[in-house]
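Student: I'd like a close look at one part of this model, the ligand site. Could you walk me through it, and then through a helix from the same chain?

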Amino acid sequence: MTSIDTNTAATDPSLWWKQAVVYQVYPRSFKDTTGSGLGDIAGVTAKIPYLKELGVDAIWLSPFYPSQLADGGYDVDDYRNVDPKLGTMADFDELAQTAHAAGIRIVVDIVPNHSSNQHEWFKAAVAGGPGSPERDRYIFRDGKGPNGDQPPTDWIASFGGPAWTRVPDGQWYLHMFTKEQPDWNWKNPEVRADFIRTLRFWLDHGADGFRVDVAHGLAKDLERDDLDDFTIIGDDMSATDGTHPLYDRNEVHDIYREWRKVFNEYNPPAFAVAEAWVHPSRQYLYASTDELGQVFNFEFAKMDWIRDSFHTAIEEGLAAAERSGSTSTWVMSNHDVPRHASRYGLPQVPSSSHHQLAKDWLLRDGTSYTEDREKGSRRARAAILMELALPGSAYVYQGEELGLPEVADIPWDQLEDPTAFHRVRNQSEKGRDGCRVPLPWVAADTSADGGTFGFSPAAKVAGAGVTASEAGQPAEKPHLPQPAWFADYAADKEDSDPASMLNLYRKALQLRHTMMPTDTSLTWLDEDRSSDLPDGADGQRGGVIAYRRSNGWASITNFSMSPADLPEGTILLASGPLTDDGLLPQDTTVWMSLN
Ligand code: NOJ
């Protein structure tokens, strides 16, 4: 039995996030109100009633700031503004008000490891020249070799290619991601102060908190001569002692302790969740109460539909949360990984493989393995019930409530993800666009939306990304192409089908609100159930995952080919039908109230 006694929203509203359902909006692909082909902020506001009916507690908006979109908006030109392609500050204020009126909180994405190369301070750094105070805000170094024409280190950036780019005066700047994303120098006090200003700016505009991008990367130590012993991508990201020159250094926590003081000036205190790909033994540091408060636990997002993997991930996630004094987070999909409805329909690979098989399938435009959509959907239904009864917060990625599969066959010349453009990298990966295709809202292919499944209007409307003189012209095509089969997953179609994924999510979220106990303890009911049942159809180990919460709310999932019996109690919700004799079939979850 794992038992964590901690406050929850029920006892202290300022801790609303401890067991919240947070819905991730990827704004460019959510809803386009102007026909620009890009989703916009007004589109999120327009869909607040949908999100309210879905039953989410908060939305997290991926970056919507001015950006040239070299990395989907994670290349920020101006941290304290809305991208004119997506709207205005007035649109943001309206969104915050509308969401709050509906009881939905707003979390914005903050990108503190790097800006874009169009940021005013980066342009000033290039213009300022070596040794200038402007240059000190970023990480510039002289190159190696007699003419300094070799990069300072051999590092390969996250999306491929060298991690250093040379400027005309001969110096090189560091970018752990694309060359359009120069890394900030967090030793510079102006950088630190400017981010504090940005935090206050969004909190003063009604944001309730932040998702912190690359939270483990800010503090760097480049004043040493063993830099080439390390890499930007690879295993040594999980060094466990804070000595890596780029990641998870101990000093990074000073930054978050400073941020926490700012967060605590607000009532209720601002919330934050760290994106920190660090060794599990150090995740708790980011989530501790004097720092960000919560950290993403990506274990579910990394794994296939394997009973023992999930069981271990739950145990470890709960233990890590207990160590930080926070609650765990559960994430199956986000804008960086192939959608889980597809992952679960592909051949399953035991152990965390970082989606090697799914990535290969994408690289070959969905031809190298057969995707069994029916199986993927059945497992996704079972998975969400298993996830939503767990203690802690659940992060739902837009479209997963529709059971949307990955779009594997986007033509290569229409891709946007930088991964797809790098000569070496794109031989092993196609990138992340397949989970970022604009959402289908309406099944019928009508002239009213130019055949975009309700994503865009048919004709342009003056507003985000559309000038007054362009109004009335035919809308642009969605920025990534939607396949014809998106009609089957459209929100309006699922709305009218009681058995749809959307209606399962709605029922589950509604029940979760009534059933969620105020404590975060969990009792396993399945200790001896991993190996007593036959293996599953595609080689996975059989067994069930079953647990109960302190109030008798229980979740039971069967991974095995053999139907499993259920404990005494009342069935509250099931992800699929039981067998004729009342047993739990493979790939099915039930929620029960135990006697
Ligand atoms: C993590 C974000 O989730 C990802 O989309 C982005 O490419 C990198 N950080 C760089 O900002």
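Tutor: Sure. A residue counts as near the ligand if one of its heavy atoms lies within 4 Å of it. Keep in mind that this is a predicted model. There are 13 residues around the ligand, and D71, H114, D213, H335 and D336 come nearest. By type, that shell splits into seven charged, four nonpolar and two polar residues.

Now for the polar contacts. D336 has a polar side-chain atom 2.4 Å from a ligand oxygen. For H335, an N or O atom of the side chain sits 2.8 Å from an oxygen atom of the ligand, and for H114 the corresponding distance is 3.0 Å. As for cover, the ligand on its own has 290 Å² of accessible area, and the protein covers 97% of that.

On to the helix, α5, which runs over residues 189-204. Its 16 residues reach 22 Å from first C-alpha to last, close to the 22 Å expected at 1.5 Å a residue. At its start, a side-chain oxygen of N188 comes to within 2.7 Å of the backbone nitrogen of E190. After the helix comes G206, with a positive phi near 100°.

Which residues of α5 are buried? They are V191, D194, F195, I196, T198, L199, W202 and L203. An α-helix has 3.6 residues a turn, so residues three or four places apart point the same way. The buried residues of α5 pack against the helices α3 (89-101), α4 (120-128) and α6 (252-263), as well as the strands β3 (105-110) and β7 (209-212).

Notes: Residues are numbered from 1 along each chain as its sequence is written. This is a predicted model: local features need pLDDT of at least 70, side-chain atom pairs count only at pLDDT 80 or more; totals for chains, interfaces and linings use all residues. Side-chain values use heavy atoms; hydrogens and water are left out. Helices (H or I, at least four residues) and strands (E, at least two) are DSSP runs, numbered from the N terminus. The expected span of a helix is 1.5 Å times one less than its number of residues. Buried means under 20% relative accessible area, exposed over 50%, partly exposed in between (1.4 Å probe, protein chains only). Contact means heavy atoms within 4.5 Å. A polar contact is a pair of N or O atoms within 3.5 Å; within protein, one must be able to donate a hydrogen and the other to accept it, and residues adjacent in sequence count only if both atoms are side-chain atoms. Accessible areas come from the Shrake-Rupley method with a 1.4 Å probe; for residues, only the protein chains shown count as cover. Ala, Val, Leu, Ile, Met, Phe, Trp, Tyr, Cys and Pro count as nonpolar, Asp, Glu, Lys and Arg as charged, and the others, Gly among them, as polar.
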